[in-house]
Amino acid sequence: MTILCKTCGTSYDDSDEIIAHCKACEDERQFVPASGQAWITPEAVTATHSNKWQQHEENLLSIKTVPAFAINQRAFVLRTPHGNVLWDCIANLDTATELLINALGGIRAIAISHPHYYTTMQDWAETFSAPIWLHASDREWIMRDSTAIRLWEGDSMELLPSVRLLRLGGHFAGGTVLHWTEGDGVLLAGDILQVTPGRDAVSFMWSYPNMLPLPAVTVENILHRLDDVKFERLYGAFEGQNMIGQAHDKVIRSGQKYVDCLKQERA
């Protein structure tokens, strides 16, 4: 039997024992609510929630669960001539979502930015017969095993033609973004880069709910890895976090401002 953490959506195998702790939430990059740890079954989520779809570009759609569940991130379906990619994951996999994805041609590969969005990736992989690509640096956060999981190493991996994964680190050691190289380029960033409310900047954090920043040297490394990456548009983890122009310049400028602020504080 599978159960889900109600706070982060991570799925666990419940072998007839009540799980007292969610490892993902007890880590300082997440949180356990003041009311305590709570669990829910996937069936209960599906019975009370549905998934909302939105088309952002001709070949890019997002999926978000309503009403909000757990962290409330969105996933993306990127359509390519070589197969569709599911980027990041949400816990709710209902029959309507299965039907719609199959109508779009299924899923060729699943890739996830970081452990907070692993959720029910194992079920999505089984349903669509797709491998899950996770960075090896985050292997300790896999709470349910699956034969579909593939661990990749290094700082870059070509997932499909025109689609590559880039390890930026930061929020997690294996923190990954997806670079779609078609046209002017698109970056799917999860919250490895957190789009700010004005949609004209990003921030960089080790823990978002606990507001713990990253050190300047880590952000400088992220900027270095993105320096030659071409992308005009960027889509973040949450609804509305869409940068539809000059995204590369905005990310680099944001990172430089972040580093400058930290260095001024030390001075």
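In the predicted model, Leu188 has Tyr235 of strand E19 as its bridge partner. This pair belongs to the parallel pairing of strand E14 (residues 186-190) with E19, which extends over 4 bridges. Strand E19 (residues 233-236) also pairs with strand E20 (residues 242-243), here in the antiparallel sense and over 2 bridges. Within that pairing, Leu234 has Met243 of E20 as its bridge partner. E19 and E20 form a hairpin with 5 residues between the strands, and in this hairpin Gly240 adopts a positive phi near 90°. Both faces of E19 are covered: Arg233 and Tyr235 are buried on one side, and Leu234 and Gly236 are buried on the other.

An open sheet is built from 7 strands in the order E4-E5-E6-E7-E8-E9-E10, with mixed pairing. E4 and strand E10 (149-152) are the edge strands, each pairing on one side only. On average, neighbouring strands of this sheet are turned by 25° against each other, direction ignored. Helix H4 packs on the sheet and touches E5, strand E7 (85-87), strand E8 (109-111), E9 and E10; the direction of H4 makes about 145° with that of E9. At one edge, strand E4 (residues 50-57) runs antiparallel to strand E5 (residues 60-66), and 7 bridges join the two. Ser50 is placed opposite Val66 of E5, and the hairpin formed by E4 and E5 has 2 residues between the strands. E9 and E10, in contrast, are paired in the parallel sense over 4 bridges, with Ile132 opposite Ile149 of E10.

The loop between E5 and E6 contains several backbone features. Most residues other than glycine have a negative phi, and most peptide bonds are trans. The peptide bond from Val66 to Pro67, however, is cis, with omega near -10°, and Pro67 is located in the loop between E5 and E6. Ala70 lies in the loop between E5 and E6 and has a positive phi of about 55° although it is not a glycine. Asn72, found in the loop between E5 and E6, likewise has a positive phi, near 75°. Ala70 is partly exposed, at 29% relative accessibility, and Asn72 is partly exposed as well, with a relative accessible area of 22%.

Beyond this loop, Ala75 is found in strand E6 and counts as buried, at 0% relative accessibility. Residues touched by Ala75, not counting those up to four places away in sequence, are Leu61, Ser62, Ile63, Leu86, Trp87, Asp88, Cys89 and Ile90. Of these contacts, the one with Leu86 links residues that are 11 apart in sequence and 7.0 Å apart in space, C-alpha to C-alpha.

In soluble globular proteins, nonpolar side chains tend to be buried together. The largest nonpolar core of the model has 34 residues, and those with the most contacts inside it are Leu86, Ile107, Ile110, Ile112, Met121, Trp124 and Ile132. Two or more residues are given to this core by each of strand E1 (2-5), helix H1 (23-26), strand E6 (74-78), helix H4 (121-128) and strand E9 (132-135). H4 supplies the largest share, 4 residues. Ile110 touches Leu86, Met121, Trp124, Ala125, Ala130, Pro131, Ile132 and Trp133, not counting residues up to four places away in sequence. Another core, of 25 residues, lies apart from the largest one and includes Leu187, Leu226, Val229 and Val259.

In helix H5 (residues 216-226), the buried residues include Ala216, Val219, Ile222, Leu223 and Leu226. They lie on the same side of H5 because they cover an arc of only 120° around the axis.

The structure holds 0 disulfides. The sulfur of Cys8 is 3.7 Å from the closest cysteine sulfur, in Cys22, and is therefore too far for a bond, a disulfide being a pair of cysteine sulfur atoms within 2.5 Å. Cys25 is in no disulfide either, the nearest cysteine sulfur, that of Cys5, being 3.6 Å away. Cys8 is buried, with a relative accessible area of 1%, and Cys25 is also buried, with a relative accessible area of 2%.

Technical notes
Residues numbered from 1 in each chain as written. Predicted model: local features only at pLDDT ≥ 70, side-chain atom pairs only at ≥ 80, totals over all residues. Heavy atoms only, no water. Buried < 20%, exposed > 50% of the residue type's maximum accessible area, 1.4 Å probe, protein only. Arc of directions from axis to C-beta. Core = buried A, V, L, I, M, F, W, Y, C linked by side-chain atoms within 4.5 Å. Contact = heavy atoms within 4.5 Å. Pairing = 2+ DSSP bridges. Axes fitted to C-alpha atoms, helices over the stretch in contact; angles between N-to-C directions.
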